[in-house]
Amino acid sequence: MPASQLILALETSCDETAAAVVELREGRMLVRSETVITQDAVHAEFGGVVPELASRAHLEKLTPAIRAALQQAGVAPSDLAAVAAGHRPGLIGSLLVGTSAAKAFAWTIGKPFLGVDHVQAHLAACHLNDSPPAYPAIGLVASGGHTHILSMPDALHATVIARTRDDAAGEAFDKAASILGLGWPGGPMIERAAVTGNAQAFPFEGGRFAGSADFSFSGLKTAVLYAVRGVPSAPNRPPRPPPPPLDAQRVADLAASFQRAVVRALETGLRRAFETNPSASLIAGGGVVRNQAVRAMLAKVASDHGASLHLAQAQHCTDNAAMIGALAALRLAAGEHDALSLSAEPFSLLSRA
Ligand code: KG4
Ligand code: ZN
């Protein structure tokens, strides 16, 4: 293997158009450049991502994003060792834009193409930190589309220990924020509102399943809805008293209580995972891992279980292309790449496991 390999990585699975150049040099990974063009403004008025608008925005923004990433890295196409894209899971139209572009680019320069799994890439993001994780590891991916606890014997393999049966943790943040009138994306809004709230004010809890470590967040979202709009009364029963008005303090208390419930659900799942899968490291990524209460909980769980903690840096928690480059670099170093016939897929193998 050459001393240095440069990978152009693309990410277009949902509503961020991202490109990065990641360098693998003597076993270390360096982010040479990264650009993320967010579509928040395109989707904000709809309160969620509109798939067709997302694909069209990727088509417009991907070429400028690639150009910027190569320029900032000072890299010519002929310097690249490979081109990678997140090819699953995600919105199929959006995935097709990045996957097709990466394949075309790789073919044009005569270099290998790698299609990588976006969920796994959220954890590969931890390899972009100064000290890479030791394995076996327990991995937490908590994002807008996924909530998984994984057992990882090494950086490239994972089995699912627990996952959400309904809403992802980030999706629950987004919906709770929308119910509270806080705007979108909801995670950062809830975190901000929670600062002045009392996390004990509402006895919210994440759902649990007998004999299973799986999560459920949809009931929690309904609990927030009822606290705001009132609990519907049973048929032929007198109406229940309306809830108190939703003033700033009540919003803060609801946000804090909701956030605490999500953190506790993730914590319970992780503690159970460590009991059955003793591991050297705890690694975590995905948008929800930007949350300071989540990060503090992860630090405590790792220290209680004598595991080293490896959290993706904030800019590598939400969707980005550097994490795609990180997973591609790990695979390339293991001698792997993919055929140009590899297509975009809406599901992760991990989601089906
Ligand atoms: O990883 P990501 O960018 O996209 C997916 O792969 O889904 O995650 C986006 C999710 C959104 O649901 C967003 O509300 C949530 O991550 N998020 C947060 C925070 N920042 C982003 N959730 C809680 N606290 C935050 N600070
Ligand atoms: Zn993601």
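Me: Which element gives the largest share of the lining of the largest cavity?

Reply: In this predicted model, helix 4 supplies that largest share, with 3 residues. Two elements give two or more residues to this lining: helix 4 (118-124) and helix 10 (322-333).

Me: How many cavities of 30 Å³ or more are there, and how much space lies in the largest cavity?

Reply: The count comes to 1 cavity of 30 Å³ or more. The space inside the largest cavity is about 40 Å³.

Me: Which residues line the largest cavity, and how do they divide by class?

Reply: The lining is made up of Gln120, Leu123, Ala124, His127, Tyr135, Met152, Ala155, Leu327 and Leu330. By class, 7 of the lining residues are nonpolar, 2 are polar and none is charged.

Me: I should now like to turn to helix packing. At what angle do helix 5 and helix 8 pack, and how far apart are their axes?

Reply: Helix 5 covers residues 169-179 and helix 8 covers residues 248-276. Their packing angle is about 170 degrees, and their axes lie 11 Å apart.

Me: How is such an angle to be read: are the two helices roughly parallel or roughly antiparallel?

Reply: In general, angles over 145 degrees count as roughly antiparallel, and those under 35 degrees as roughly parallel. Helix 5 and helix 8 are therefore roughly antiparallel to each other.

Me: Which residues make the contact, and what are their classes?

Reply: Helix 5 contributes Ala169, Ala172, Phe173 and Ala176, while helix 8 contributes Phe258, Gln259 and Val262. This contact of helix 5 with helix 8 comprises 6 nonpolar residues, 1 polar residue and no charged residues.

Note on methods
Residues are numbered from 1 along each chain as its sequence is written. Chains are lettered from A and ligands numbered from 1 in the order in which they are written. This is a predicted model: local features need pLDDT of at least 70, side-chain atom pairs count only at pLDDT 80 or more; totals for chains, interfaces and linings use all residues. Side-chain values use heavy atoms; hydrogens and water are left out. Axes are lines fitted to C-alpha atoms, for helices over the stretch in contact, and angles run from 0 to 180 degrees between N-to-C directions. Helices (H or I, at least four residues) and strands (E, at least two) are DSSP runs, numbered from the N terminus. Angles under 35 degrees count as roughly parallel, over 145 as roughly antiparallel, 65 to 115 as roughly perpendicular and the rest as oblique. Contact means heavy atoms within 4.5 Å. Ala, Val, Leu, Ile, Met, Phe, Trp, Tyr, Cys and Pro count as nonpolar, Asp, Glu, Lys and Arg as charged, and the others, Gly among them, as polar. On a 1 Å grid over the protein atoms alone, a cavity is a set of points where a 1.4 Å probe fits but cannot get out, and a pocket is an open set with protein on both sides within 12 Å along at least five of seven lines; lining residues have an atom within 4 Å of a point. Grid points are joined across faces, edges and corners, and a volume is the space filled by probe spheres set on the points.
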